[in-house]
Amino acid sequence: MVKHHPTPELLAAFSAGSLQLSYALCVSAHLEHCSACRTNVQRLKSLGADMFSSQKPAPVSEGFKDRIFEQLDNPVQAQQSEPEDTKPVDNGVPRCLQKLVPESYQQLDWRSVTPGIKSAALCRDGDSTQVSMMKLMPGAAVGHHRHMGEEITLVLEGSFSDEEGIYQRGDFILRDGKHKHKPVASKDGPCICLTVQ
């Protein structure tokens, strides 16, 4: 059961579509595991729609409506990226990460960080925020450390613990640069996490 969630502010920004890509990936992956946050996002979207519908229409220039209808009359042919009968592969990877992790976690370009800890870079956000995967082997410990800024960790497989608790599949952990901790993977299997820093 998921016990650690994004803040209400992050969920509000996600539902409004204003969250930066790296953070939105983590929230989206969390939503696949957490029905409570999915419900909250739906409520926020409904609230936003209600607020939007109560606004007075803004004036537009003459011809604006005609230009919109002209574009609708001349639709661009949509390109199909895959045949309609193709179903997404159920490889345990959240849907929002499938383009970055197309086959499986095992197929990523894992680089050894320390014995028992590996990392695989996925992408960079526009502001150079790094999106990566971390794999901690059973019982592996990361030394006490502090982050330079905010870091999000989302547990995708397995579990780990630190001084503040135990984190399992779907848990969303947001740490600031002041927080110092020592994560340790559980001994019953590897722990795979999505990280943003």
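**Warm-up: lysine 187**

Lysine 187 has a relative accessible area of 76%, so this residue is exposed. The model you are looking at is a predicted one. The exercises below walk through it piece by piece.

**Exercise 1.** Find lysine 187 in the structure and work out which residues it touches.

*Solution.*
- Step 1: Go to the loop between β10 (184-185) and β11, where lysine 187 is found.
- Step 2: Look for contacts, leaving aside residues up to four places away in sequence; lysine 187 then touches Pro138 and Gly139.
- Step 3: Check alanine 140 as well. From C-alpha to C-alpha, lysine 187 and alanine 140 are 8.1 Å apart in space, although 47 residues separate them in sequence.

**Exercise 2.** Trace the open sheet of six strands and name its edge strands.

*Solution.*
- Step 1: Recall the general principle. Backbone hydrogen bonds hold the strands of a sheet in pairs, which may be parallel or antiparallel.
- Step 2: Read off the order, which is β1-β2-β3-β11-β5-β8, with antiparallel pairing.
- Step 3: Look for strands that pair on one side only: these are β1 (111-114) and β8 (172-175), the edge strands.
- Step 4: Consider the twist. On average, and ignoring direction, neighbouring strands of this sheet are turned by 30° against each other.

**Exercise 3.** Follow the pairing from β1 through β2 and β3 to β11, and find a bridge partner for each step.

*Solution.*
- Step 1: Start with β1 and β2 (residues 117-124), an antiparallel pair with three bridges. Here arginine 111 has serine 119 in β2 as its bridge partner.
- Step 2: Inspect the hairpin of β1 and β2. Two residues lie between the strands, and glycine 116 takes a positive phi near 90°.
- Step 3: Move on to β2 and β3, which are antiparallel over seven bridges. Lysine 118 is matched with lysine 135 in β3.
- Step 4: In the hairpin of β2 and β3, five residues lie between the strands, and serine 128 takes a positive phi near 70°.
- Step 5: Finish with β3 (residues 130-136) and β11 (residues 191-196), antiparallel over six bridges. Methionine 133 has leucine 194 in β11 as its bridge partner.

**Exercise 4.** Is helix α2 enclosed by the rest of the structure, or left open? Explain your choice using its residues.

*Solution.*
- Step 1: List the buried residues of α2: Ser22, Tyr23, Ala24, Leu25, Cys26, Val27, Ala29, His30 and Leu31.
- Step 2: Compare with the length of the helix. The helix α2 is largely enclosed by the rest of the structure, because nine of its 11 residues are buried.
- Step 3: Name the surroundings. The buried residues of α2 pack against α1 (8-16), α3, β3, β5 (151-157), β8 and β11.

**Exercise 5.** How many salt bridges does the model have, and which residues take part in some of them?

*Solution.*
- Step 1: Keep the idea in mind that side chains with opposite charges can pair when their charged atoms come close.
- Step 2: The count is four salt bridges.
- Step 3: One of them joins glutamate 32 and arginine 95, with 4.0 Å between the closest N and O atoms. This pair links distant parts of the chain, 63 residues apart: glutamate 32 is in the loop between α2 (21-31) and α3 (35-53), and arginine 95 in the loop between α4 (64-73) and β1.
- Step 4: Compare their surroundings. Glutamate 32 is partly exposed at 29% relative accessibility, while arginine 95 is exposed at 63%.
- Step 5: Another salt bridge joins aspartate 109 and arginine 111, whose closest N and O atoms are 2.6 Å apart. Aspartate 109 is partly exposed at 49%, and arginine 111 is exposed at 53%.

**Exercise 6.** Describe the surroundings of arginine 175, and then those of tyrosine 167.

*Solution.*
- Step 1: Arginine 175 lies in strand β8 and is buried, because its relative accessible area of 9% is under 20%.
- Step 2: Arginine 175 forms a salt bridge with glutamate 164 (3.6 Å, N to O). Glutamate 164 sits in the loop between β6 (160-162) and β7 (165-167), so the pair ties together parts that are 11 residues apart in sequence.
- Step 3: Salt bridges with shared partners join Asp162, Glu164 and Arg175 into one network.
- Step 4: The side chain of arginine 175 also makes a polar contact with that of tyrosine 167 (2.7 Å).
- Step 5: Tyrosine 167 belongs to the one aromatic pair counted. Its partner is phenylalanine 160, and the pair is tilted, with 5.0 Å centre to centre and 35° between the planes.
- Step 6: Both rings belong to buried residues: phenylalanine 160 at 8% relative accessibility and tyrosine 167 at 2%.

Notes. Residues numbered from 1 in each chain as written. Predicted model: local features only at pLDDT ≥ 70, side-chain atom pairs only at ≥ 80, totals over all residues. Heavy atoms only, no water. Pairing = 2+ DSSP bridges. Helix = DSSP H or I, 4+ residues; strand = E, 2+ residues; numbered from the N terminus. Axes fitted to C-alpha atoms, helices over the stretch in contact; angles between N-to-C directions. Salt bridge = Lys/Arg side-chain N within 4 Å of Asp/Glu carboxyl O. Buried < 20%, exposed > 50% of the residue type's maximum accessible area, 1.4 Å probe, protein only. Polar contact = N/O pair within 3.5 Å; in protein donor to acceptor, adjacent residues only side chain to side chain. Phe/Tyr/Trp six-rings, centres within 6.5 Å; stacked < 30°, edge-to-face > 60°. Contact = heavy atoms within 4.5 Å.
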